[in-house]
Amino acid sequence: MTETELLPILYVPDPRLRAKAKPVQPGDARVPELAQRMLATMYKAPGIGLAAPQVGEMLRLVVIDLRPEDEPEPIVLVNPEIVAQSKDLATREEGCLSLPGQFADVTRPARVKARWTDLTGARQEIEAEGLMAACLQHEIDHLDGVLFVDHISALKRNMLLRKLAKELKAKARD
């Protein structure tokens, strides 16, 4: 068995991270392989979620696995959407593979209901809270060109983005 070819992860300020992804069309033959490559890339990074725009594919496709170290339980979400959310909020620390090493507390709805199609074409739905609710919202945001730093104050966002730019510049020199 050959190792799955990894995909390059885009970093802020790549403009593709701010673009709206297009819906996956039924029967798009590229999607199963892309999903496998996204999962391999996410595990290697390591992360718990990855959206197609983060690897330069402008499709509404997300992969999530909250347990990559234990028993992997990957979920592939084709054309996911949040269809309901709670009024009560929860705050938790978030990071992003497109903003390596940067973390901030983000407040989002505490519970969400999400719908998507799986790789077989079957409709799926989940009611989630905790880490899964945050992860679903974070990854689906990517499909609309929204980053977790858009949910924090302008002051914190600017500090974080300046720090990231400095770190990426230093890494490029090495």
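This passage describes the internal cavity and the nonpolar cores of a predicted model.

One cavity of 30 Å³ or more was found in the predicted structure. The space in the largest cavity amounts to about 30 Å³. Its lining consists of Ile64, Ile75, Leu77, Trp116, Ile126, Met132 and Leu136. By residue class, the lining of the largest cavity comprises seven nonpolar residues, with no polar and no charged ones. Two elements, strand 3 (75-85) and helix 2 (130-143), contribute at least two residues each to this lining.

The largest nonpolar core contains 18 residues, among which Met38, Leu50, Leu61, Val63 and Val76 touch the most other members. At least two residues of this core come from each of helix 1 (31-44), strand 2 (61-64) and strand 3. The greatest contribution is that of helix 1, which provides six residues. When residues up to four places away in sequence are not counted, Met38 is in contact with Leu7, Leu50, Ala51, Ala52, Val55, Leu61, Val62 and Val63. A second core, separate from the first, has 14 residues, including Ile64, Trp116, Ala128 and Leu136.

The cavity lining and the two cores can be set side by side. Ile64, Trp116 and Leu136 belong to the second core and also appear in the lining of the largest cavity. Strand 3 supplies at least two residues to the largest core and at least two to the cavity lining. Leu50, Leu61 and Val63, listed with Met38 among the residues that touch the most other members of the largest core, are also contacts of Met38.

Notes:
Residues are numbered from 1 along each chain as its sequence is written. This is a predicted model: local features need pLDDT of at least 70, side-chain atom pairs count only at pLDDT 80 or more; totals for chains, interfaces and linings use all residues. Side-chain values use heavy atoms; hydrogens and water are left out. On a 1 Å grid over the protein atoms alone, a cavity is a set of points where a 1.4 Å probe fits but cannot get out, and a pocket is an open set with protein on both sides within 12 Å along at least five of seven lines; lining residues have an atom within 4 Å of a point. Grid points are joined across faces, edges and corners, and a volume is the space filled by probe spheres set on the points. Helices (H or I, at least four residues) and strands (E, at least two) are DSSP runs, numbered from the N terminus. Ala, Val, Leu, Ile, Met, Phe, Trp, Tyr, Cys and Pro count as nonpolar, Asp, Glu, Lys and Arg as charged, and the others, Gly among them, as polar. A nonpolar core is a set of buried Ala, Val, Leu, Ile, Met, Phe, Trp, Tyr and Cys residues joined through side-chain atoms within 4.5 Å. Buried means under 20% relative accessible area, exposed over 50%, partly exposed in between (1.4 Å probe, protein chains only). Contact means heavy atoms within 4.5 Å.
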